[in-house]
Amino acid sequence: MARAYEELSGGMGRKILFRPERYHAGSLFRDVKPIIEIEQDTYVVRDLSMSGFLLVAPEGGHRFARGDKVEFRLLLGESVAHEGSATVIRMEPHGSGAKIGLQLTDGFINIPALLSLHEGCALEQLVEEGIQAEIDLVPGEYRQLCSEAVFLLRRTKEILDRNDKREKNRTSMLPGEEVTDLFEARCEKHFLASWDAIRARGNAIVQPLMSNTPVIKAIKKFTETVLTPELTIAPSYKRAYEKPLGYPGDFELMKYFYSGKRHGDTTYVRLLHHLVNIHPFSMSVPSRMREVKEAIRQTVATTKVKDRPVRIANLGAGPAREVREYLRTCKPEQPVHFSLIDQDEKALAYAYSQALPYKMAAGDHVVVECKFASFGQLLKNPELLKEMAGQDLVYSAGLFDYLPTGIAQNLVRALYSCLNPGGTLIVGNLKAPTDGIWSAEFVCDWSMIYRTKEDMEELVAGVSSDYDVRPEPTGYTYLLSIKKPQ
Ligand SMILES: C[S@@+](CC[C@H](N)C(=O)[O-])C[C@H]1O[C@@H](n2cnc3c(N)ncnc32)[C@H](O)[C@@H]1O
């Protein structure tokens with residue numbers, strides 16, 4: 001419903017400050033990376049907006065302090081895209097180096113013009129160097145694999161489209177209906193077996209090369225150019241590859257994994273959509289959800305408190321399907337307070353709308369509270385962390401897969417500090433080694449950090465010795481469970 005002008009409100013809290021949209025440089029400038037030059041030193045641009053940059057400097061690679069005024073040049077390949085002055089407004093450690101925030105003090109960055117310049121530079125680079133150099137880095141057996149994959153996809157499309165057309169034109173309901181279903185099922189069975197073989201070959205080729213950055217980059221480029229466009233006609237592949245909300249694994253994609261339904265206008269597109277749903281990583285999403293739901297059930301059943309609710313917090317909540325499933329199937333009789341935390345407001349709105357009918361049916365003693373916040377805010381803001389204290393269960397699944405070790409360790413420490421005595425922290429992370437990396441990293445440009453059992457144990461180092469690391473039933477995700485002593 002449209003609102004009257006006097007009813008429209010602006011942002012609240014920090015959101016009241018308008019910030020120009022920020023773009024991740026790696027996603028925007030895929031072929032030629034923008035570089036900032038300051039007094040002959042060069043820095044990689046990580047993010048940019050119309051009014052500034054976030055730079056990354058290696059260890060000992062800068063001599064700036066907050067408030068410094070600098071003259072800079074923005075370079076794209078050989079071209080100077082912008083010259084101007086800026087102030088250093090942010091400095092923070094980043095690995096062994098630093099992140100440096102620059103705010104322009106004159107002019108502005110014309111991002112559409114920069115993108116046009118980038119396309120020109122990329123084309124020039126291609127003409128000058130030719131495509132052979134890029135192709136030569138891709139192993140021959142990998143090129144053959146991609147051509148076989150494309151052949152398989154196109155042949156399957158041809159057959160299924162022809163069948164769709166015949167079905168559409170069929171006027172009478174002859175016994176053909178059964179035959180058609182059988183035909184589709186047979187076709188799918190053969191296709192899935194062939195696709196599995198392609199996935200296995202893809203994984204086997206890339207696994208030993210993962211530390212060879214130039215080759216891996218070339219393989220990614222080759223896959224995304226040759227194979228990915230064949231697949232992104234399906235809604236699941238399109239979303240996984242294009243990341244319309246700006247980050248991988250958004251709640252809409254999670255919804256696909258939870259529902260398992262086939263989307264698409266044709267049998268072929270529905271089959272491709274289904275391919276993502278039955279990928280082992282996708283299958284491990286509902287599986288880990290069921291494990292977390294069971295942990296919620298046990299926590300509520302075993303936490304004996306009279307004067308307060310059982311408190312449960314979920315970081316990186318996304319659709320929080322386990323909360324809905326728990327409320328739908330368990331109907332708790334004692335007071336329970338859920339805190340769902342996510343940096344995506346739309347995900348929270350969805351999670352809340354899903355849980356609400358069951359929360360209402362359970363009664364007033366069940367509270368579902370959503371917090372629109374990032375874990376970065378939790379780590380930086382002691383007040384926010386204090387508000388989260390007193391939890392009986394804290395869990396996070398599908399977030400740690402993106403966090404480097406140092407940050408992940410800090411987060412484990414912070415979340416553990418929010419537990420009551422006897423409380424449990426559960427952290428999910430995709431398992432290493434894995435045979436699922438090819439489709440995610442190469443076909444869908446979806447990078448994650450896979451962790452071994454030892455890597456999971458490293459996250460809890462110095463926090464507690466009372467922990468357990470085990471895979472959920474599909475075997476693709478580890479669940480680290482840490483218990484706080486009574
Ligand atoms: C892969 S989804 C997993 C969602 C859910 N836990 C599940 O298993 O269905 C990752 C979620 O983490 C959230 N997220 C990403 N970065 C975050 C951050 N910095 N702080 C809080 N949440 C974050 C995303 O918005 C997204 O909803």
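This note goes through the predicted model in numbered points, from the whole chain to its ligand and then to some local details.

1. On overall size, the chain has 486 residues, and a compact globule of that length would have a radius of gyration near 23 Å; the value for the chain is 25 Å, which agrees with that expectation. The C-alpha trace spans about 80 × 75 × 55 Å along its principal axes.

2. On secondary structure, the chain contains 18 helices and 14 strands. The points on strands below deal with S1, S2, S3 and S4, and a later point turns to the loop between strand S12 (419-430) and helix H17 (437-443).

3. Which residues lie closest to the ligand? Of the 18 residues that surround the ligand, the closest are Tyr258, Arg288, Asp342, Gln343 and Ala397. By character, the shell around the ligand divides into 9 nonpolar, 6 polar and 3 charged residues. It is worth following the shell back to the domains, since at least three of its residues come from each of domain 2 (134-281) and domain 3 (284-483).

4. Some individual distances help the reader to see how the ligand is held in view of its polar atoms. An oxygen atom of the ligand is 2.7 Å from an N or O atom in the side chain of Tyr258, and an oxygen atom of the ligand is 3.2 Å from an N or O atom in the side chain of Tyr247. The backbone takes part as well, in that a polar backbone atom of Ala397 is 2.7 Å from a nitrogen atom of the ligand. Taken alone, the ligand exposes 590 Å², and the protein buries 90% of that area.

5. Strand S3 (residues 41-49) can be followed through its pairings, beginning with strand S1 (residues 23-24), with which S3 pairs in the antiparallel sense over 2 bridges. Within this part of the structure, His24 stands opposite Asp47 in S3. Strand S2 (residues 34-38) also pairs with S3 in the antiparallel sense, here over 4 bridges, and the bridge partner of Ile38 is Asp41 in S3.

6. How many bridges join S3 to strand S4 (residues 52-57)? There are 5 bridges between these two strands, which run antiparallel, and Val45 stands opposite Leu55 in S4. The connection from S3 to S4 is a hairpin that passes through 2 residues.

7. The hairpin of S2 and S3, which has 2 residues between the strands, deserves a separate look at its backbone, for Glu39 takes a positive phi near 45° there. Glu39 is found in the loop between S2 and S3, and a student checking the angles should note that Glu39 has this positive phi although it is not a glycine.

8. Where is the cis peptide bond that involves Pro433? The bond in question runs from Ala432 to Pro433 and is cis, with omega near -5°. Pro433 is found in the loop between strand S12 (419-430) and helix H17 (437-443), so named here to help the reader locate the bond in the predicted model.

How values were computed: Residues numbered from 1 in each chain as written. Predicted model: local features only at pLDDT ≥ 70, side-chain atom pairs only at ≥ 80, totals over all residues. Heavy atoms only, no water. Near = heavy atom within 4 Å. Polar contact = N/O pair within 3.5 Å; in protein donor to acceptor, adjacent residues only side chain to side chain. Areas by Shrake-Rupley, 256 points an atom, 1.4 Å probe, with all protein chains shown as cover. Nonpolar A, V, L, I, M, F, W, Y, C, P; charged D, E, K, R; others polar. Domains from an automatic or database assignment. Pairing = 2+ DSSP bridges. Rg over C-alpha atoms; globule rule 2.2 N^0.38 Å.
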